[in-house]
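Here's a quick tour of a protein chain for anyone just getting started with structures. Have a look at the sequence and the model, then follow the notes below.

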Amino acid sequence: MSSDSEIGVIELADLLAVSERTIGSYVQKGILSRSRRGKFMLRESVRAVATHLRETASARGASSAEGLTAQRERIAREQADKLEMQNAAARREMLSRQEVVDEWASILRLVRSRMLAAPSRIQQTLGHLSAHDLDIIDRELRDALEELADNGL
């Protein structure tokens with residue numbers, strides 16, 4: 001068999017270690033062309049398949065290299081963000097979640113105690129109010145605090 005001889009589908013598939021169906025697929029994709037019905041030029045066919053496989057491998061290599069580069073960039077950004085947050089925390093420019101929760105709890109306890117003390121302070125300032133009036137003010141403040149507590153505030 002000379003290098004410029006014709007070869008059949010079965011022989012070409014065997015030579016390339018692929019199925020006959022793959023040869024048909026290469027024909028449909030325009031990678032291989034028949035010299036005549038069921039026959040292919042040996043040298044031209046082998047070169048065409050080798051070129052196709054080389055281009056496919058090159059494209060895969062480029063995309064995986066680009067993917068790896070993108071992953072490395074993402075990791076570098078995440079590490080930079082982490083370091084930035086650690087530095088901000090060290091400079092006390094950023095508080096931990098627990099510190100914020102504790103501070104707000106302290107503020108809300110102070111607001112609650114001031115609200116519950118309001119009726120007696122009102123009585124000292126407005127001595128003409130009856131005990132009934134002060135009870136109404138006290139009840140309204142307590143109801144408002146309870147409503148806030150029921151809503152998670």
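Let's start with S5: skipping its neighbours within four places in sequence, this serine is in contact with F40, M41 and L42. S5 sits in the segment before β1, and it counts as buried at 15% relative accessibility. Keep in mind that you're looking at a predicted model.

**Two buried serines**

- S5 makes the cut as buried because its relative accessibility is 15%, and buried means under 20%.
- The other serine to look at is S45, which you'll find in helix α3, residues 42-90.
- S45 is buried too, with a relative accessible area of just 3%.
- Leaving aside neighbours within four places in sequence, S45 is in contact with L12, L32 and F40.
- So F40 turns up on both contact lists, because contact means heavy atoms within 4.5 Å and F40 is in contact with S5 as well as with S45.

**The overall layout**

- The chain's secondary structure adds up to five helices and two strands.
- Reading from the N terminus, the elements go β-α-α-β-α-α-α.
- The chain is more spread out than a compact globule, because its radius of gyration is 41 Å, well over the 15 Å that the globule rule gives for 153 residues.
- If you draw a box around the C-alpha atoms along the principal axes, it comes to roughly 120 × 35 × 20 Å.
- Buried residues make up 13% of the 153 residues in the chain.
- Look at contacts with a separation of 6 or more, and 44% of them are between residues 24 or more positions apart.

**Surface and charge**

- The accessible surface of the chain is about 12000 Å².
- Carbon and sulfur atoms account for 53% of that surface.
- On the charge side, there are 23 positive and 24 negative side chains.
- The centres of those two sets of charges lie 11 Å apart.

**Salt bridges**

- How many salt bridges does the count come to? It comes to five, and three of them are described here, starting with E6 and R36.
- The side chains of E6 and R36 meet in a salt bridge, with 2.9 Å from N to O.
- E6 lies in strand β1 (residues 6-8) and R36 in the loop between α2 (20-28) and β2 (39-41), so this pair ties together parts that are 30 residues apart in sequence.
- E6 is partly exposed, at a relative accessible area of 31%.
- R142 pairs up with D138 in another salt bridge, where the closest N and O atoms are 2.9 Å apart.
- R142 and D138 are separated by about one helical turn, because they're four residues apart in helix α5 (residues 131-150).
- R142 is partly exposed, with a relative accessible area of 32%.
- R91 forms a salt bridge with E93, and here the closest N and O atoms are 3.1 Å apart.
- Are R91 and E93 buried or exposed? Both of them are exposed.

**A long distance to trace**

- Try finding L83, which lies in helix α3.
- L83 counts as partly exposed, at 48% relative accessibility.
- Now go from L83 to R142: they're 59 residues apart in sequence and 47 Å apart in space, going from C-alpha to C-alpha.

**Two backbone oddities**

- Most residues other than glycine have a negative phi.
- A17 has a phi near 60°, which is a positive value in a residue other than glycine.
- You'll find A17 in the loop between α1 (9-16) and α2, and it counts as exposed at 68% relative accessibility.
- Which value is the phi of R92 near? It's near 65°, again a positive value in a residue other than glycine.
- R92 lies in the loop between α3 and α4 (97-125).
- R92 is exposed, with a relative accessible area of 52%.

Conventions
Residues numbered from 1 in each chain as written. Predicted model: local features only at pLDDT ≥ 70, side-chain atom pairs only at ≥ 80, totals over all residues. Heavy atoms only, no water. Salt bridge = Lys/Arg side-chain N within 4 Å of Asp/Glu carboxyl O. Buried < 20%, exposed > 50% of the residue type's maximum accessible area, 1.4 Å probe, protein only. Rg over C-alpha atoms; globule rule 2.2 N^0.38 Å. Areas by Shrake-Rupley, 256 points an atom, 1.4 Å probe, with all protein chains shown as cover. Lys, Arg positive; Asp, Glu negative; His and termini not counted. Charge placed at Lys NZ, Arg CZ, Asp CG, Glu CD.
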